[in-house]
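I opened a fresh page today to go through one model, starting with its helices and ending with its pocket. Here are my entries, in the order I looked things up.

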Amino acid sequence: MRYMVFVKMAQDVGEAPPALFEAMDAEMGQAFADGSMILAGGLGGGEQIVELRLADGAITTTDGPYAEAKEIVGGFSIVEARTQDEAVEGARRVLELHQQHWPGWKGAVEIRPIWGPDR
């Protein structure tokens, strides 16, 4: 089963420490090598965000940054896992790396199954 994993954090969290980048590179390298990670990347924020919304028959476009936003999705991955528990455990390792290498960082990881014709 494939899962979409989102890493969410405050908009103004700042740049991650180099030690976290190194630890995440190692973790993701292993996950790509064993086939459990299909795709991953960081996501732009602030002024790079554009939202299209349909309401009351009209489509509106809103450009970021959004002052009212408490969190942004800073990164994503698509993982292959035998069970949801396995996907959750992988996400827990990501949070543990943040805890270890970026003291004081606050955020969340959200895991969602991907539904599709071949799933």
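Before listing anything, I fixed my terms: a residue is buried when its relative accessible area is under 20%, and exposed when that area is over 50%. I also noted that this is a predicted model.

**Entry: second helix**

I began with H2, which spans 84–101. H2 has 18 residues and reaches 26 Å from its first C-alpha to its last, close to the 26 Å expected at 1.5 Å a residue. Which residues of H2 are buried? I found Ala 87, Gly 90, Ala 91, Val 94, Leu 97 and His 98. They sit on the same side of H2, because they cover an arc of only 105° around the axis. I reminded myself of the general rule here: an α-helix has 3.6 residues a turn, so residues three or four places apart point the same way.

Next I turned to the face of H2 directed away from its buried side, and there I met the exposed residues Asp 85, Gln 99 and Gln 100. What do the buried residues of H2 pack against? My list reads S1, H1 and strand S6 (107–113).

**Entry: first helix**

H1 covers 18–34. I counted 17 residues in H1 and a reach of 25 Å from first C-alpha to last, close to the 24 Å expected at 1.5 Å a residue. Leu 20, Ala 23, Met 24 and Ala 31 are the buried residues I noted in H1. These share one side of H1, because their arc around the axis is only 95°. On the face turned away from the buried side of H1, I wrote down the exposed residues Pro 18, Glu 22, Asp 25, Ala 26 and Ala 33. The cover over the buried residues of H1 includes S2 and H2. Just after H1 comes Gly 35, and its phi is positive, near 85°.

**Entry: whole chain**

I then stepped back to the protein chain, which has two helices and six strands. From the N terminus on, I read the order of elements as β-α-β-β-β-β-α-β. The C-alpha atoms fill a box of roughly 45 × 40 × 20 Å along the principal axes. Of the 119 residues in the chain, 24% are buried. I also looked at contacts between residues at least 6 apart in sequence, and 77% of them join residues at least 24 apart.

**Entry: one serine**

I picked Ser 77, in strand S5. Is Ser 77 buried or exposed? Its relative accessibility is 10%, so I logged Ser 77 as buried. Leaving out residues up to four places away in sequence, Ser 77 touches Tyr 3, Met 4, Val 5, Met 37, Leu 39 and Ala 40.

**Entry: largest pocket**

I kept the pocket for last. The largest pocket has a volume of about 890 Å³. Its lining comes to 37 residues, and nearest its centre I found Val 7, Met 24, Met 28, Val 94 and His 98. Met 24 is familiar from the buried residues of H1, and Val 94 and His 98 from those of H2.

Which element gives the most to this lining? I found that H1 does, with nine residues. S1, S2, S5 and H2 are also among the elements that each supply at least two lining residues. By character, I sorted the lining into 20 nonpolar, 10 polar and seven charged residues.

Note on methods:
Residues are numbered from 1 along each chain as its sequence is written. This is a predicted model: local features need pLDDT of at least 70, side-chain atom pairs count only at pLDDT 80 or more; totals for chains, interfaces and linings use all residues. Side-chain values use heavy atoms; hydrogens and water are left out. On a 1 Å grid over the protein atoms alone, a cavity is a set of points where a 1.4 Å probe fits but cannot get out, and a pocket is an open set with protein on both sides within 12 Å along at least five of seven lines; lining residues have an atom within 4 Å of a point. Grid points are joined across faces, edges and corners, and a volume is the space filled by probe spheres set on the points. Helices (H or I, at least four residues) and strands (E, at least two) are DSSP runs, numbered from the N terminus. Ala, Val, Leu, Ile, Met, Phe, Trp, Tyr, Cys and Pro count as nonpolar, Asp, Glu, Lys and Arg as charged, and the others, Gly among them, as polar. The expected span of a helix is 1.5 Å times one less than its number of residues. Buried means under 20% relative accessible area, exposed over 50%, partly exposed in between (1.4 Å probe, protein chains only). The arc is that of the directions from the helix axis to the C-beta atoms. Contact means heavy atoms within 4.5 Å.
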